[in-house]
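Reader: Hi! I'm in my first year and still learning to read structures like this one. Could you take a close look at a single part with me, and then walk outwards from there?

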Amino acid sequence: MLKLPTTQYSGKNKLFKEMKFIASSSLLLKELQMIGGIINNTTTLPILENFMFDINNDKLTLTASDLETTFTTQLNIESEDNGRIALPAKLLLDTLKTFPDQPLTFLINEKNTVEISANSGKYSVAYVDGSEFPLAAQITDSKTTIIPSIILQRAINSTLFATGNDDLRPVMSGVFFQFDTESLKFIATDAHKLVKYTRKDLRTDQTSEFIMPKKPLQLLKGILQGLDINITIEYNDTNAQFRFGNSILTCRLIDGKYPNYEAVIPKENPNEMVVNRMQFLDSVRRVSIFSSKTTYQISLSIAGAQIIISAEDIDYSNSAEERLNCDYQGDDIKIGFNSRFLIEMLNGLVCDEIKLSMSLPNRAGLITPLDSFDKGEEVTMLVMPVMLNS
């Protein structure tokens, strides 16, 4: 390791110690981009527009926060110093993106600036005292569950799109985690659609329930892509923490009681249609282009071994109709749906064939995959119908 000299400056009321560290530009950029998704452009606390750098000899801990969620990761560096500073996030990211991979030397001096030395030049950035940066919540009296990253990402992918955006019902703006001795369940609903993703191959020693906000899950969805590691989730009544590799994401949970979702899932659905998912999705997409831009309404007329998908926009005299072959058991039925909801649900599945189960035109339809799922995995998607135009 390089021997890095330090210099001390005697001030009126303090003793300043110059700090220095060397880091890889590409590795630093990768870690900062990962945690940078936390930062809000409209924060009312200026310190949160910065990354916090915590230097501890050859370890650099990087932190970003929006008060509700804090994301921390660690990077190996060359240094013999200790200290904490906050550097402007946007300026730092914009600068690092322009560098080819190379070592960067950061020199923190008494003028409240950091001098960054690269192969081609030097750059000065003003910093803020790191002691002002808010720390992540400490989780006490917690429970712990370990989930493989592949399963957690699949659960997030299957549910996140179904969360609501209604500020008056904040509990429905997140994903409901329900763990017990038989399975792990992940539920999301916005009152128009509902998704329940179940893993019967995973379980916990005791029952636990909490509502995860949307933003940290969106970050995890992208970060976990392609990873095959275990995620340790630690949680109590107010906060949850996700630990993986050198990273820790801590967030405040949504307070409130989640609605009784089981009560809205219809139990008797005698009319069942099996159809190729991609063919059905493509048809719904095409036909929906001709639907009303207010309701996005399409109708499904199912009889025998055929489904007719149609839409009409009366205001512009536009209409469309497509026919698909299917396997149908039940009474002839004509039912209307919001095409956007159907498209979201069909996009959220990774199977070849789906089953659409129905009872009456004014009752919810259930979509379930028929193949390409893991052992112990169950997915149930509920979509509410819309009243068809006369």
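Which residues does Val-114 touch, not counting residues up to four places away in sequence?

Author: Sure, let's start right there, keeping in mind that this is a predicted model. Val-114 touches Ile-85, Leu-87, Phe-106, Leu-107, Ile-108, Tyr-123, Ser-124, Val-125 and Tyr-127, once you skip the residues up to four places away in sequence. You'll find Val-114 in strand β9, which covers residues 113–117. Its relative accessible area is 0%, and buried means under 20%, so Val-114 counts as buried. For a sense of scale, pick Leu-253: Val-114 and Leu-253 are 139 residues apart in sequence, and their C-alpha atoms are 36 Å apart in space.

Now step back just a little from Val-114, to Asn-112. Asn-112 sits in the loop between β8 (103–108) and β9. With 40% relative accessibility, Asn-112 is partly exposed, while Val-114 is buried. Have a look at the backbone there too: Asn-112 is not a glycine, yet it has a positive phi of about 60 degrees. Why point that out? Because most residues other than glycine have a negative phi. Asp-141 is another residue to look up, since it also has a positive phi, near 50 degrees, without being a glycine. Asp-141 lies in the loop between β11 (128–129) and β12 (143–148), and at 77% relative accessible area Asp-141 is exposed.

Next, go back to two of the names on Val-114's list, Ile-85 and Leu-87. Both of them turn up again in the contacts of Phe-53. Leaving out neighbours within four places in sequence, Phe-53 is in contact with Phe-21, Leu-28, Leu-32, Leu-60, Thr-61, Leu-62, Gly-83, Arg-84, Ile-85, Leu-87 and Leu-92. That fits a bigger picture: the largest nonpolar core has 99 residues, and Phe-53 and Phe-280 touch the most other members of it. Apart from this core lies another one, of 13 residues, including Val-171, Met-172, Ile-211 and Ile-254. As a general point, nonpolar side chains in soluble globular proteins tend to be buried together.

From Phe-53 you can carry on to a pair of helices. Leu-28, Leu-32 and Leu-92 are among the residues Phe-53 contacts, and those three also show up where helix α1 meets helix α2. On the α1 side of that meeting are Ser-25, Leu-28, Leu-29, Leu-32 and Gln-33, and on the α2 side are Leu-92, Leu-93 and Leu-96. Sort these contact residues by class and you get six nonpolar, two polar and no charged. The axes of α1 (residues 25–36) and α2 (residues 89–96) come within 10 Å and cross at roughly 135 degrees, so the two helices are oblique to each other. Their crossing is left-handed.

What about Phe-280, the other residue named with Phe-53 for the core? Phe-280 takes part in the contact of helix α5 with helix α6. There, Arg-277, Phe-280, Leu-281, Val-284, Arg-285 and Ser-288 of α5 meet Ser-339, Leu-342, Ile-343, Leu-346 and Asn-347 of α6. By class, that contact has six nonpolar, three polar and two charged residues. Helix α5 (residues 277–288) and helix α6 (residues 339–347) pack at about 150 degrees, with their axes 10 Å apart. Angles over 145 count as roughly antiparallel, so that is what we call α5 and α6. The crossing of α5 and α6 is left-handed.

One more pair to go: helix α3 (residues 149–159) and helix α4 (residues 214–223). They pack at an angle of about 125 degrees, and their axes are 9 Å apart, so α3 and α4 are oblique to each other. This crossing is left-handed. Where they touch, Gln-153, Ile-156 and Asn-157 of α3 meet Leu-217, Leu-220 and Lys-221 of α4. That contact has three nonpolar, two polar and one charged residues. Helix α3 is mostly covered, with eight of its eleven residues buried. Gln-153 and Ile-156 are among the buried ones, along with Ser-149, Ile-151, Leu-152, Ala-155, Ser-158 and Thr-159.

Let's finish out on a loop. Gly-245 is found between β18 (239–244) and β19 (247–252), and with 76% relative accessibility Gly-245 counts as exposed. Gly-245 and Asn-230 are 15 residues apart in sequence and 8.7 Å apart in space, C-alpha to C-alpha.

Terms used
Residues are numbered from 1 along each chain as its sequence is written. This is a predicted model: local features need pLDDT of at least 70, side-chain atom pairs count only at pLDDT 80 or more; totals for chains, interfaces and linings use all residues. Side-chain values use heavy atoms; hydrogens and water are left out. A nonpolar core is a set of buried Ala, Val, Leu, Ile, Met, Phe, Trp, Tyr and Cys residues joined through side-chain atoms within 4.5 Å. Buried means under 20% relative accessible area, exposed over 50%, partly exposed in between (1.4 Å probe, protein chains only). Contact means heavy atoms within 4.5 Å. Axes are lines fitted to C-alpha atoms, for helices over the stretch in contact, and angles run from 0 to 180 degrees between N-to-C directions. Helices (H or I, at least four residues) and strands (E, at least two) are DSSP runs, numbered from the N terminus. Angles under 35 degrees count as roughly parallel, over 145 as roughly antiparallel, 65 to 115 as roughly perpendicular and the rest as oblique. A crossing is left-handed if the near helix is turned anticlockwise from the far one by less than a right angle, and right-handed if clockwise. Ala, Val, Leu, Ile, Met, Phe, Trp, Tyr, Cys and Pro count as nonpolar, Asp, Glu, Lys and Arg as charged, and the others, Gly among them, as polar.
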